[in-house]
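Colleague: Before the discussion begins, may I ask that the structure be displayed? I should then like to put several questions about its details.

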Amino acid sequence: MYGTRKTWDVGHTPCLQELWNKDLSLDVSASSLDILMSNGEEESSFLSLPKSVLQRHCLTSDLSETATSEQQQLLIQTLQERVCEFQARLSSEDAAKRLLLQRLQTHDHQLNQDNHQNEEHLSINQEPQEQLRLQDGQLIQAASPTGVRSSSVLRQKPVDFPSAVQVSKVHSQEQLQKDEGEKLALITGLHTQVKELEEKLVDQTQEVERLRSELGATDLEKQLEVLESENQRLKQELRASQTQTTCSTGHCPHSQDVEALRGELCRKDEECRERERRLAALEQQVQERTGVVVQLQQQLEEAAQHRQELQQQLEEASRLRSQREEQLTSRLRDAEEALSRQAALTPQVKYVTKTVEVESAQCKQALMEAQGRNQALQEQLSVQRQLLRELEQQLHESQRTSSQLRQQILVYEDEMERAQGQLEAEMQSLEEEKNRVIEEAFIRAESEMKAVHENLAGVRMNLLTLQPALRTLTCDYNCLKRQVQDFPYMLEKAITEAKQEICQVIGEVSSANQELLRKYKREMNLRKKCHNELVRLKGNIRVLCRVRPVCAGETDAADTKNIVTFDPDDDAVLYLSNKGKLMTFELDKVFPTQATQEEVFQEVQSLVTSCIDGFNVCIFAYGQTGSGKTYTMEGVPEDPGINQRALRLLFSEVSEKKPDWDYKITVSMVEIYNETLRNLLGDNPNEKLDIKMCPDGSGQLYVPGLTEFTVESVEDINKVFDLGHMNRATACTNLNEHSSRSHALLIVTVAGFNSSTGHRTSGKLNLVDLAGSERIAKSGAEGSRLREAQCINKSLSALGDVINALRSKHSHVPFRNSRLTYLLQDSLSGDSKTLMMVQVSPLESNVSESVCSLKFAQRVRTVEIGPSSSSRRQAENSSTSSSPTHESVELDSPPVTPVPLPISRASSAGSTLSSNSKTSTTRRRSHSQLSTGRMKLTA
Ligand SMILES: Nc1ncnc2c1ncn2[C@@H]1O[C@H](COP(=O)(O)OP(=O)(O)OP(=O)(O)O)[C@@H](O)[C@H]1O
């Protein structure tokens, strides 16, 4: 019977877990040992489990949160001491166990002697005994009808078996029932207290969770202390309640023994389980401690992960706590069930005693089994001791690591001290260097200061001498300053005055310019009027005569006698010896044979200048073939004629007027052959041109398709003349004959614009080289030559008719009777100026043509164009006047009143010249003139 108790006392090993607790472990272990030695007075060891668990958690938290190297050392020392103490206690427990074993053996002999009385009880309690054998701290068989508590009772019974049997025999059945009622009441009270404790435990758990969430891991230690104190208080209350229960059941010796045995049995069972759990927990704690030691080492190296690891540990502790709570809850539940079963089995107590008495053999067997278990526990204990040694080794390693770290720290401190010493030495040297530099600087500053003082003395002396100059300069400066201050005003005033003066001067200049411009315009108009008057006085139609010299090849012929003589006193008179009769011809001017091209041009250049003023001018050469018309008009390259000289003069004149006037000079070349107008500057010289009226209603004539070239230099003139000659030569086989049978016209247009006055001028200069005027009868031409001669005669007759009509102031001037007159209409009418250069051959063989040409010229000379008076000419030419007709129709021109020449362009409607109709009229008039006038055809 005592063997059972001894076996369960070995399970007190879990008291080692309590050793981890700094405050309570020794006391608890001592109380446990006292319990063993006092035969199991403590019955509520299973309720003390939460306290130990909490204490273990508290220790873990302490280790994880507050452990430093010194604390670890202190803790290790404490553990070592407690291990030694625990070993001593184990030895004492072994002695106590052996004593109990001896008592059980003695009691076994007594049981053999009293076997008859216990047979009945043995049969009844057969089943609980079997359950007792199987019981190893687990309650898996508690579901049997007899219950665990009955087994515990059976195991406790052998302790006080003789007294229990005696009590069962003495007390009556009624007393047992009364005791059962009291036990039920006590159990009910205990059950109530257990519930209250559960509720408090739940509340404490909730409080712990709340405080954990509110205060965090740093307040966990305080909260654990609170829980610990609360647990201590609950434990005291439980003890008090148990004491009350014991006192309440103490009046019955049998029941007290039964309860004592039962409590002892239960306590041993619970202790056995508790030790097993504590062994497992101890292993786990050893592992956790190992992890904690590693974590602490890592914390020393990685301070940043310290808080996270603490949280992990706290979570682990919480998890373990919850596990312990669950286990506690399950144990409480089992305890309740056991109590309930015990309450149900109470009526059978009377049979237990008997069963126990007859169960000695089984008890021995159970004792042996308990001893076996004890041996196993001893082995487990040795294993735990081995683990402890390993843990101690780890702790030693930790200590060694800590000592190494300290050594490193010391090494670092030494290095720091050495570095500090070096630094101090360097600072000392720098300080000395600084002092030396300061001293040198001080010495140098003193010397410099001395020099500065000397300079200062000199400066002061200079200052004393410069003060009068400074005063003078100051005065000058103030004066200049005032002047500078007054300068803007003076400048503005001067600028204003200058502006006024400039404006005044500009105004005066402008007015002077206006006056000059006005005078200029007046003078220009006056010059123009004078020039015009001069031209008018000279006559709008001037007739000049040029006698060509006798060529070298003409001197040998028989009829090469020079029949032309000149008046040395009058350059306007020409004498012509015709068949012994001296004929006198008076023209505007007669150029002798030796007259040069320049002299001829000087006489005509005034007309060219009139063209620049906007007048239309017509200069044409008239005479028989070979009389020098082309020479006079075109000249030769080395001695150009009127054409080129006129253009040169135009260029020079317009260039002189260039600042104010802008002139544009264009030229065209036209040939009239057989009454056909040809463009000599065009691409197709054979193209026939026509003369048309301008469609703008201005009454001006124009030649559609006529090519015009703008010329600005002599080179341009030469190019134009070359082009005209080339085109003229292209259209004929014999240029000389062709040129003799056609009229060549160089039309020069001068358009001017005065940019200052806005005045525009436009003049036209027609330079005409007429075809030969020899008589058809003399030339004896036939066929084409006859037609050419007829055309030439027609055009020259038309020219004579026009001039005669102009001279006669007829209302109608037959310009359209020929292409020539129609083309020269605007240059023969109005205020136009006409100059006829009559070319005369000095040879006797050409006397008749010469007489004819001179008579024609003399008649033309009497014609007045425009408003000018020709009374003088009329009077002068009364004796020698003749018709300008090429056929030498003698016409007695009456004096005419100068009236503007009416040119009825409206009557010449139509774009083309109706030569036939007009010709018939002109012819009739010519015939009329021939019949009525005194002109007659020269033979
Ligand atoms: N004033 C002059 N001085 C020198 N030579 C002259 C002069 N006038 C004409 N001649 C010469 O007389 C010749 C004929 O002159 P030019 O060809 O000019 O006559 P023309 O009247 O034009 O003949 P055509 O009617 O056939 O054209 C030329 O060789 C020319 O050099």
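**Ligand shell and strands**

Modeller: Thr625 is buried, as 21 other C-beta atoms lie within 10 Å. The model is a predicted one.

Colleague: Where is the place of Thr625?

Modeller: The UniProt record, an unreviewed entry, lists Thr625 under "binding site", along with others including Gly628 and Thr630. As to secondary structure, Thr625 belongs to the loop between β6 (617-623) and α17 (629-633).

Colleague: Does Thr630 count as buried or partly exposed?

Modeller: Thr630 is found in helix α17. A residue is buried if 20 or more other C-beta atoms lie within 10 Å of its own. Thr630 has 19 C-beta neighbours inside 10 Å, and therefore counts as partly exposed.

Colleague: Which element gives the largest share of the shell around the ligand?

Modeller: The ligand is surrounded by 15 residues, and the closest are Arg548, Gly628, Thr630, Tyr631 and Ser740. Two or more residues of the shell come from each of α17 and α20 (735-740). By class, the shell divides into 3 nonpolar, 10 polar and 2 charged residues. The largest share, 3 residues, is given by α17.

Colleague: How many residues of strand β1 are buried?

Modeller: Strand β1 covers residues 541-547. On one side Ile541, Val543, Cys545 and Val547 are buried, and on the other Arg542, Leu544 and Arg546 are buried. Both faces are thus covered, and the number of buried residues is 7 of 7.

Colleague: Which residue in β17 is the bridge partner of Val543?

Modeller: Strand β1 runs parallel to β5 (residues 589-591), with 3 bridges between them, and Cys545 stands opposite Val590 there. Strand β1 is also joined, by 7 bridges and in parallel, to β17 (residues 833-840). In β17, the partner of Val543 is Met836.

Colleague: Which strands stand at the edges of the sheet β2-β3-β4?

Modeller: This open sheet has 3 strands, and the pairing is antiparallel. One side of each edge strand is left without a neighbour in the sheet, because each has a single partner strand; the edge strands are β2 (564-567) and β4 (581-586).

Colleague: At what angle to β3 does helix α25 run?

Modeller: Neighbouring strands of the sheet β2-β3-β4 are turned by 30° against each other on average, direction ignored. Strand β3 (residues 570-578) is joined to β4 by 6 bridges, with Tyr575 paired to Thr584. Helix α25 (residues 847-861) lies across β3 and β4, and its angle to β3 is about 145°.

Terms used:
Residues numbered from 1 in each chain as written. Predicted model: local features only at pLDDT ≥ 70, side-chain atom pairs only at ≥ 80, totals over all residues. UniProt positions renumbered as here; feature names shortened; annotations may be inferred. Helix = DSSP H or I, 4+ residues; strand = E, 2+ residues; numbered from the N terminus. Buried ≥ 20, exposed ≤ 12 C-beta atoms within 10 Å, placed from the backbone. Pairing = 2+ DSSP bridges. Axes fitted to C-alpha atoms, helices over the stretch in contact; angles between N-to-C directions. Contact = placed C-beta atoms within 7 Å. Near = placed C-beta within 6 Å. Nonpolar A, V, L, I, M, F, W, Y, C, P; charged D, E, K, R; others polar.
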